[in-house]
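Reader: I am a first-year student, and I should like to take a close look at a single part of this protein. Could the explanation please proceed step by step?

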Amino acid sequence: MAGRAAQGPPGHPGRCAHRRRDARARDRARGGRARRGARRPDRRLRRGDGPTRRGAARRQAADERGGVRAGGAPRRGRAGLVSRPGEDATDRGAGVPARRVALRALRRAHRDDAWGSPALDAALGEAQLDARDRAFATALALDTLRREGTLDWALGQVLDRSIDDIEPDVRDVLRLGAWQIGYGRVPTRAAVSTSVELAREEVGARATGFVNGVLRALGRRWDELPWPDPSEPEGLALATGYPRWVVEAAVARFGAGARSVLEAGNAPPGATLRARPGARDALVAELRDAGLSAEPGRLHELAVRVPGADPRRLAATREGRAVTQDEASMLVVDALDARLDPHSRVLEPCAAPGGKASDLVLRGHRVVAADRHAGRVREMADLVGRLGIDLDLAVADGTTSPWRDGAFDAVLVDAPCTGLGTVRRRPELRWRRDPGDPGTLAELQRALLAAAVRSVPSGGTVCYSVCTWTAAETDEVVAWALAHLPVRLVPADGPPDAEAAHAGAVQLRPDEHDSDGMYYAVLRRE
């Protein structure tokens, strides 16, 4: 029955079951009282802690009114590390309330392992900010998460202890202040004074002197920090805001194009919707009538790009006329659909949140959408209800399929992965990955592929996709399948410039295609 979940055996971690760092245990270990630990040039810094004196208060008020450093130029460090704000990230008078929202978003992300964007949405919902302050809080929170490693390195140049030894909330206040100094085009005095007040409100007066001293020292030294050469992995990691191992993996995969791919991952994407078949123009007109800037997508005939829109607030998504989905995911379904007969029976074992499975149903196929986690299956049931489609749901393990061998005409293995192709939308994800994750996840991906091949008869089709670009999870998994499973690679539809190591497989790039960095390949069972 459509929308009803059938219980299956447990097993694989399901789509996007990301292995995260134990942030809460880490932060408990890092806890303790904030101490005044910045290197101080003289005793006046201690006497002047906090914007409490009359002259300092006047300067603080002037800074908060002004908002932009003279000339509006971004700060520049050595080795060409240019500070780049987010979308109109300049602070033109935003005060402590906007920064409080950003801090609370970071607190949820670090303490509760929440994703940054939902954490920010929750914090914004608790505040009464105008459009300007909302924009500043959004840029401040998300770009601080994005550039966390670079900010920690910069702060480490003026700290007399490891940043890991600083109380978590104080550490996040420092990161927010450092972003304003280095990337936000905020005058140092405004960045410092508002950070001190934020620390007073959210941590306590005991932290104000420490925050004041660290950020004042950073503001004086930012332009002279010893930035490593960005032509080397460490320097490129700091310049682009990624862990070093991710930079090294990008260089191994993309060579001279690595920096372009990494920087494209720092550009926040607008919302993309998938219209129902034949209804894209009507959806564009509906959105424009609502005052939104809507344009057809560039890669897929059903895609509509709506920059600045919140898809959850759109009538079209609430009422089932559109689904939030990146164009890269739409192309994966195209590649599989092109190899299927009408009304094929298709299994998607890692289907949550259901975008690809629902697309296959709307193209006329009979689909079973499974996931190991019952909660994620319930999310798919909600999507089924909004779309009014007939999609069979199951709680099941994709590595030990409960269905008989050869039961399906095709299987779409949209496998759990490092997700590095989605960092435009999940900026903190890069810091929740470890160097060993690609290899560990590749083991799961191979197991899912082997089970998928057993689920189709001779001549059946298996489509493998991951929203990442690491060699271990893409070409190397396909090479393993070709060597160990009874399959051959068939050409997959996609942009002509989306090349992969195996002829016929597709690797999308955020810099060249303005999409998620999705990889997919189509296999035919012998």
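Is A351 buried or exposed, and what is its relative accessible area? Please describe its surroundings too, and then some helices elsewhere in the chain.

Author: The model under discussion is a predicted one. In it, A351 has a relative accessible area of 3%. Buried means under 20% relative accessible area, and A351 is therefore buried.

The position of A351 in the chain comes next. A351 belongs to the loop that runs between β6 (345-348) and α17 (355-362). Setting aside residues up to four places away in sequence, A351 touches A369, A370, D371 and M380. One of these contacts, D371, also appears in a UniProt annotation: the unreviewed entry carries a "binding site" that covers C350, A351, A352, P353, G354, G355, K356, D371, D397 and D414. According to that record, A351 and D371 are both among the covered positions.

P353, likewise listed in the annotation, offers a useful second case. P353 is also found in the loop between β6 and α17. Its relative accessibility is 48%. Partly exposed residues fall between the 20% limit for buried and the 50% limit for exposed, so P353 counts as partly exposed. When its neighbours within four places in sequence are left aside, P353 is in contact with R376, M380 and L383. M380 is thus touched by P353 and by A351.

Burial can also be followed along a whole helix. Helix α11 (residues 233-240) is mostly covered, with six of its eight residues buried. The buried residues are G235, L236, A237, L238, A239 and T240. They pack against three other helices, namely α7 (148-156), α12 (244-254) and α13 (258-264). Just after α11 comes G241, which takes a positive phi of about 80°.

A final example shows how two helices meet. Helix α19 (residues 437-454) packs with helix α20 (residues 475-484) at an angle of about 40°, and their axes are 10 Å apart. Angles from 35 to 65 degrees are neither roughly parallel nor roughly perpendicular, so α19 and α20 are oblique to each other. Their crossing is right-handed. On the side of α19, the residues involved are A442, Q445, R446, L449 and A450, and these meet V477, W480 and A481 in α20. Sorted by class, this contact has six nonpolar residues, one polar residue and one charged residue.

Notes. Residues are numbered from 1 along each chain as its sequence is written. This is a predicted model: local features need pLDDT of at least 70, side-chain atom pairs count only at pLDDT 80 or more; totals for chains, interfaces and linings use all residues. Side-chain values use heavy atoms; hydrogens and water are left out. Axes are lines fitted to C-alpha atoms, for helices over the stretch in contact, and angles run from 0 to 180 degrees between N-to-C directions. Helices (H or I, at least four residues) and strands (E, at least two) are DSSP runs, numbered from the N terminus. Angles under 35 degrees count as roughly parallel, over 145 as roughly antiparallel, 65 to 115 as roughly perpendicular and the rest as oblique. A crossing is left-handed if the near helix is turned anticlockwise from the far one by less than a right angle, and right-handed if clockwise. Contact means heavy atoms within 4.5 Å. Ala, Val, Leu, Ile, Met, Phe, Trp, Tyr, Cys and Pro count as nonpolar, Asp, Glu, Lys and Arg as charged, and the others, Gly among them, as polar. UniProt positions are given in the numbering used here, feature names are shortened, and annotations may be inferred rather than shown by experiment. Buried means under 20% relative accessible area, exposed over 50%, partly exposed in between (1.4 Å probe, protein chains only).
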